[in-house]
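Hi,

Here is the structure I promised to pass on. Have a look, and my notes come after it.

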Amino acid sequence: MTAPSGRYGLAQAVRMEWIKLRSLRSTWWTLLVTAAGTVGIGVAVGLNTRDASGDVTNNALAGVVPGLLLTGVLGVLSMTGEYSSGTIRATLAAIPRRPLVLLAKAVVFGFVTLLVGEAASFTAFLAVRATLRHGVAAPALGDPGVLRAVAVTGAGFCLIGLLGLGLGAIVRHSAAAVGVLVAGVYVGAQAFGILAHGVAAYMPILIVENSLSTTRPVTCGTGAASCPDFLSAGAGLGVLALYAALALVAGGWLLARRDA
Amino acid sequence: MIEARNLTRRYGRTVAVDALSFEVRPGSVTGFLGPNGSGKSTTMRLILGLDRPHAGEARIGGRRYRELRWPLREVGALLEAKAFHPGRSARSHLAALATANAIPRARVDEVLEQVGLAGAAGRRAGTFSLGMGQRLGVAAALLGDPAVLLLDEPVNGLDPEGVRWIRELLRSLAAQGRTVFVSSHLIAEMALTAERLVVIGRGRLLADTTVAELSAGSGSLEDAFFRLTGATADYRANPAAEAAS
């Protein structure tokens, strides 16, 4: 067996990570449940929507918030599972340049969760459109802000998934990393929502709820004084991407320096 | 060829590997002997770049592991613990490793056949017995047809037939001119498998010799081993207490 010229690189690492991701049954179950939950909850909320003046698109995307948790956890496990099983040693024996491993995981996992996220987001929207009742007019993708809301919400799955992947590389233990993810994404949002309105707008889950999945700026009606200024869709997407990037860079830095 | 030069690694205040230097040459099986906790696994991890040395370095064919162009084609390693995901099949595990180093896919089925796992290739590896897991580890080590092999306690969990299989496999790999470095705490097994020996205790080199040379001065290789490592073992049953019980 003669060795090809050159050296292993990102292309080889990406192919390895793709085989690893798709060869676990749990990957497909988790993604299926993510998509089904997103669509199912959206339809349930849509069926109970009576206020035609509200943001019906936002209601249709209500299932995204619980759905995101699963992609985040899947992201965590795709890294921590390597440590709990010992696969990390085989992985790093094949690709000793460690940041390349995490980069390849991010490429593969980001691509898969983007596809699944967009599919879930669009399916939820279209399913809600088809099932609305109480005389609520169905929004169309051509209406102002609707296509953008549905599309960037789908991207939210990918970014929370990558955040989970980065956290997995930082924390390395499944339970602890999932704990950090849930605390950071869900619990933290509640705490900051109550304690510090200014910061609340930057909490991942509130970005998804109030910046990405809305067709118009969120207002708080009469309680406007106690309502944070939520980010625009573009800024929200940017902040989420920044969180994911920071987690991945920190995770990659630690991966390269720590014993495996 | 594996070279360790002044290899040193501490964990907290414990010195696991202490200025260790040795060479492992191609063409014969070199046994890596030492009591439990003497630093064998740490040394293997340092050679593979999984842990970082605090001083010194290890080179394989003149290069550090991290500098290898297609690592699995140059070095095959079996580490003590399992290194595969329980939810993944043996075939997928090997296919992922193969593609990472541009190893032809046909090689996956070849090594599965070679280690006797062809019939279980599609099963989730989590259902494997300890011995089957070891065989999968050996398959991963052989995948890239490497000139250098490192195996940490490969006979752990193997039945007598498996032990004999490993022994013959290692000897035939060495006979093909490969460098075979295999750790064990089973002296009798090493006496049958290895020609050369690197013996360590408390992370330090005690002997870099041949099986024949080391056993020459003593009744057996085991006696020679105890004479050599007697001062370095971390713990030892108290003969007086044993006699009293």
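Below is what I found, starting with the ground rules, then the interface, then a sheet in chain B.

This is a predicted model, where local features need pLDDT of at least 70, side-chain atom pairs count only at pLDDT 80 or more, and totals for chains, interfaces and linings use all residues. Residues are numbered from 1 along each chain as its sequence is written, chains are lettered from A and ligands numbered from 1 in the order in which they are written, and side-chain values use heavy atoms, with hydrogens and water left out.

**The interface**

Chain A puts 34 residues into the contact and chain B 41 residues (contact means heavy atoms within 4.5 Å). About 3,000 Å² is buried between the two chains, and carbon and sulfur atoms give 57% of that; buried area here is the accessible area (1.4 Å probe) that two parts lose on being put together, summed over both. In chain A, the residues that lose the most area to chain B are A:Met1, A:Arg89 and A:Asp259, together 22% of what that side buries.

A:Asp259 also turns up in a salt bridge, its side chain meeting that of B:Arg9 at 2.8 Å, N to O. The rule finds one salt bridge across this interface (a side-chain nitrogen of Lys or Arg within 4 Å of a carboxyl oxygen of Asp or Glu). Polar contacts come to 18 residue pairs, both at pLDDT 80 or more; that term means a pair of N or O atoms within 3.5 Å, where within protein one must be able to donate a hydrogen and the other to accept it, and residues adjacent in sequence count only if both atoms are side-chain atoms.

On the chain A side, H5(A) gives the largest share, seven residues (helices are DSSP runs of H or I, at least four residues, and strands are runs of E, at least two, numbered from the N terminus).

**The sheet in chain B**

Chain B has an open sheet of six strands, in the order E5-E6-E7-E3-E8-E9 with mixed pairing (two strands pair if DSSP finds at least two bridges between them). Its edge strands are E5 (75-78) and E9 (204-210) of chain B. Inside the sheet, E3 (29-33) and E8 (196-201) of chain B pair in the parallel sense over four bridges, with B:Leu33 opposite B:Val199.

Cheers
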